[in-house]
Amino acid sequence: MSPDSSATGPAPGSDTDRPITETPIVGIIMGSKSDLKTMSGAADVLRQFGIPFEITLVSPHRTPHRMVEYAESARKRGLRVLIAGGGGAAHLPGMVAAFTTIPVIGVPINNTISIQGLDSILSMIQMPAGVPVATVGIDSAANAAVLATQMLAIHNARLADALEKYRTTLKDRVMRTIEELRKGGFQDDV
């Protein structure tokens, strides 16, 4: 998916995957093209839930005016949640949170300038009072999208139901694995 592109979710036809609207309601942003590999995990999950999103580059260091404009216009453009990935000092999530009142979910990225993502995660979780950034684990863009879905599901029954089904699917996978291990000699008391 190219920068500044929008997506509305899976192919039409499936009732449970139908988008809420055609207008993006989640923004996925990152500071560099190299972050796209990690951040595409968020796009995959949002597509699965049929949530329309946009994805673009917004660098706090190389395009600071674009970052401010993006953050300040997010609510007016219909965005309800932002997922912001950042590596190294990871200024993007916090700076964007300073310019908008919609929730920002930070994704610390372990990249070539990062200290295994630890610098990124610390910069996100140590935000000053009044300017929070919800933060997921290092390289956990998919979890950021699940969290965004949970936020949106507060007032959307279709998404709430989809999340219930998603959790059931996760449980069923684990139960199948347990059964496969039992058949292979797995002992419960081990």
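This passage walks through the fold of a predicted model, from the whole chain down to a few single residues.

Starting with the big picture, the protein chain has six helices and six strands. Followed along the sequence, these elements come in the order β-β-α-β-α-β-α-β-α-β-α-α. The chain counts 190 residues, and 41% of them are buried. Of the contacts that link residues at least 6 apart in sequence, 69% bring together residues at least 24 apart. As for the outside, the accessible surface is about 10300 Å², and carbon and sulfur atoms account for 56% of that.

How far the model can be trusted varies along the chain. Mean pLDDT is 86, with 85% of the residues at 70 or more. Among the elements, helix 5 comes out on top with a mean of 98, while strand 1 (residues 5-7) sits at the bottom with 53. Residues 8-20 stay under 50 throughout, and the model gives this stretch 27 contacts beyond four places in sequence. Where pLDDT is low, the predicted coordinates are not to be read in detail.

Helix 5, then, is a good place to look closer. It runs over residues 141-153, and at 1.5 Å a residue its 13 residues should span 18 Å; the C-alpha atoms at its ends are indeed 18 Å apart, so expectation and model agree. Quite a few of its residues are tucked away: Ala 141, Ala 144, Ala 145, Val 146, Ala 148, Thr 149, Leu 152 and Ala 153 are buried. The cover over these buried residues includes helix 1 (36-48) and helix 6 (157-183), along with strand 2 (26-30), strand 4 (81-87) and strand 5 (104-109).

One residue of helix 1 is worth a stop here, namely Thr 38. Its relative accessibility is 19%, and because buried means under 20%, Thr 38 counts as buried. Beyond its neighbours within four places in sequence, Thr 38 touches Val 107, Ile 109, Asp 139 and Ala 141.

Asp 139, one of those contacts of Thr 38, has a backbone quirk of its own: its phi is positive, near 65°, although the residue is not a glycine. Asp 139 belongs to the loop between strand 6 (134-135) and helix 5. With a relative accessible area of 35%, Asp 139 is partly exposed.

Gln 116 is another non-glycine residue with a positive phi, in this case about 55°. Gln 116 sits in the loop that runs between strand 5 and helix 4 (118-125). Its relative accessible area is 60%, which is over the 50% cut-off, so Gln 116 is exposed.

Definitions and conventions
Residues numbered from 1 in each chain as written. Predicted model: local features only at pLDDT ≥ 70, side-chain atom pairs only at ≥ 80, totals over all residues. Heavy atoms only, no water. Helix = DSSP H or I, 4+ residues; strand = E, 2+ residues; numbered from the N terminus. Expected span 1.5 Å × (residues − 1). Buried < 20%, exposed > 50% of the residue type's maximum accessible area, 1.4 Å probe, protein only. Contact = heavy atoms within 4.5 Å. pLDDT = per-residue confidence, 0-100. Areas by Shrake-Rupley, 256 points an atom, 1.4 Å probe, with all protein chains shown as cover.
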